[in-house]
Amino acid sequence: MELFVILFVVLFIIVATVRFKLHPVFSLTIAAIASGFFLGLAPEKIMSHMAEGFGKTLSGIGLVIAFGSVIGIFLEKTAGTKVLTDTVLKWVGLKRSPLAINLAGFVVSIPVFCDSGFIILSSLNKTLSKKSGIPVLFFAIALASGLYAAHVFVPPTPGPLAAAAILDADLGTVLILGLLVAIPVSVTGYFWARFISGYISISEKEGNADVEEVTEVHKTPSALQAFLPLVVPLVLIALKSVANYPTKPFGQGFFFETTDFVGNPIIALLIGVFLAFSLGKGHPSKEKNDWIVEALKQAGLIVLITGAGGAFGAILRTVDFASILNLTSTSGIGGLLICFGIAAALKTAQGSSTVSIITTAAIAAPLLTTFGLETVAEKALGVLAIGAGAMTVSHINDSYFWVVSQFSNLDVKNALKGHTLATFCQGLVGILIIMGLYLLLA
């Protein structure tokens, strides 16, 4: 009975989201309520579990999501994203400009949603193609792949951030291991772009790629100014995880206490916000306030989806699915593959990587011990396995698929060959690296 309930509510989430275009906040909330009733919980228990799950999930990440959105919007509005891209291009060189655009997309997507990142940076593809003589498709798929890798693996991107909260994984560990996985996954997309660009040709018309450029009336930030709001919080969060390692490498004195405090994701991202504010010097105060409002509106949607996922997960935790499914303790690799498979199925069925990550994390949370994922590193790898599944694959029911195809002047057939197969390769490489890390760290 309980297994049927889970399958039913997951199917409901997929159908409600895809067929009836119901917002994930409502589909996840309804799924949580329905699950509670079908599982025999009293109404007051359903409400208390949902409230607890919602609050617990957001207690540590609500402000982190909001602050990350503010950093992203300031980078976007002040041309900081272009500065990041130009800097990476200088480091890599024009001959390797597709690799540069891939890595630039990776960096930009950490604070900026991948859809927005592609729209902002896609105008560079045609320019770089003319300068280098390299097909524009190479740049388009390389950029899309780089943006997507950070989107599913690297906090403070909302998906992995939410999964870490639901699975009670250490955010710093998720960040460190996420970077180890995401960089080669990003480069995998580059190699696929290099391969497939020899088999697909697109018309010279650039379609919708001529996006509005950021006005140059205001002074463009320096590379240091653009990188600081992004790099400083990531370093602080990573240092906190190192400081709290069982061997206590920083000791337990003042330096440890300071690192532990400023490395808290809320404090680290707040520092990043103030560094991002420096990018807006010269812009009117009203304009900057409007940016903040826009960022908080974006964050609000993600926060509500994440909280609804936490409420759904709290209901599922009331059931001992391990005994219902007759699952005995499995190897960590088996557990990682199950997490990957569930996320991939949900992603392919309903299109949203974030919804896939949050729903899979809610399903997997009560099964972590059974999956053999109990240590700090193993829980972090569980988060990343879900992320790898949630990028496998991006196709016609995914808004990002249409952003990539329309801004690159790709028809559906060629977008499936270029972008969709790239995400398939990236997902497989991602789970293979994650399994390798498990064997190394186990």
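This note goes through the predicted model point by point, from its nonpolar core to its loops.

1. The core. The largest nonpolar core of the model holds 140 residues, and Phe-118, Phe-153, Phe-312 and Ile-434 are the ones with the most contacts inside it. Helix 9, which runs over residues 136-153, gives the most to this core, contributing 14 residues. When neighbours within four places in sequence are set aside, Phe-312 is in contact with Val-9, Ile-13, Leu-28, Ala-31, Ala-32, Ser-35, Thr-359 and Ala-362, a list in which Ser-35 and Thr-359 stand beside residues such as Val-9 and Leu-28.

2. Ile-358 in helix 18. Ile-358 has its place in helix 18, and because its relative accessibility is 0%, Ile-358 counts as buried. Apart from neighbours within four places in sequence, Ile-358 is in contact with Ala-162, Ile-166, Ile-305, Thr-306 and Gly-309. Ile-358 and Leu-3 lie 355 residues apart in sequence, and their C-alpha atoms are 19 Å apart in space.

3. Leu-236 in helix 12. Leu-236 belongs to helix 12, which covers residues 223-243, and with a relative accessible area of 17% it falls under the 20% limit and is therefore buried. Not counting residues up to four places away in sequence, Leu-236 touches Val-262, Gly-263, Ala-268 and Ile-271. One of these, Ala-268, is 32 residues away from Leu-236 along the chain, yet the C-alpha atoms of the two are separated by 6.1 Å.

4. Helix 20. The 14 residues of helix 20 (residues 376-389) should span 20 Å at 1.5 Å a residue, and the end C-alpha atoms of the helix are 20 Å apart, so the expected and modelled spans agree. Helix 20 is mostly covered, with 11 of its 14 residues buried; among them are Glu-378 and Ala-380, together with Leu-381, Val-383, Leu-384 and Ile-386, as well as Gly-382, Gly-387 and Gly-389. The buried residues of this helix pack against helix 9, helix 10 (158-166), helix 11 (171-196), helix 17 (332-350), helix 18 (353-364) and helix 22 (412-441). Helix 9 and helix 18 have thus come up already, the former as the element that gives the most to the core and the latter as the place of Ile-358.

5. Helix 8 and the residue after it. In helix 8 (residues 123-132), the buried residues are Ser-123, Leu-124, Asn-125, Leu-128 and Ser-129. What covers them includes helix 5 (80-92), helix 6 (97-108), helix 7 (114-121) and, once more, helix 9. Helix 8 is followed by Gly-133, which has a positive phi near 80 degrees.

6. Cavities. The model contains 3 cavities of 30 Å³ or more, and the largest cavity has a volume of about 150 Å³. Its lining is made up of 17 residues, of which Gly-68, Ser-69, Pro-111, Val-112 and Phe-113 lie nearest the centre. Helix 4 (residues 62-77) supplies the largest share of that lining, with 6 residues. Sorted by class, the lining of the largest cavity has 8 nonpolar, 8 polar and 1 charged residues.

7. Cis peptide bonds. Most residues other than glycine have a negative phi, and most peptide bonds are trans. Against that background, a reviewer may wish to look at the bond from Pro-155 to Pro-156, which is cis with omega near 10 degrees; Pro-156 is placed in the loop between helix 9 and helix 10. A cis peptide bond also joins Thr-392 and Val-393, with omega of about 5 degrees, and Val-393 is found in the loop between helix 20 and helix 21 (399-407).

8. Positive phi outside glycine. Asp-168, in the loop between helix 10 and helix 11, has a phi near 55 degrees, a positive value in a residue other than glycine. With a relative accessible area of 55%, over the 50% limit, Asp-168 is exposed. Asn-409 likewise has a positive phi, near 60 degrees, although it is not a glycine, and its place is in the loop between helix 21 and helix 22. Because its relative accessible area is 23%, which lies between the limits of 20% and 50%, Asn-409 counts as partly exposed.

Technical notes
Residues numbered from 1 in each chain as written. Predicted model: local features only at pLDDT ≥ 70, side-chain atom pairs only at ≥ 80, totals over all residues. Heavy atoms only, no water. Core = buried A, V, L, I, M, F, W, Y, C linked by side-chain atoms within 4.5 Å. Buried < 20%, exposed > 50% of the residue type's maximum accessible area, 1.4 Å probe, protein only. Helix = DSSP H or I, 4+ residues; strand = E, 2+ residues; numbered from the N terminus. Contact = heavy atoms within 4.5 Å. 1 Å grid on protein atoms, 1.4 Å probe; cavity = no way out; pocket = protein on both sides within 12 Å on 5 of 7 lines; lining within 4 Å. Points joined across faces, edges and corners; volume = space filled by probe spheres on them. Nonpolar A, V, L, I, M, F, W, Y, C, P; charged D, E, K, R; others polar. Expected span 1.5 Å × (residues − 1).
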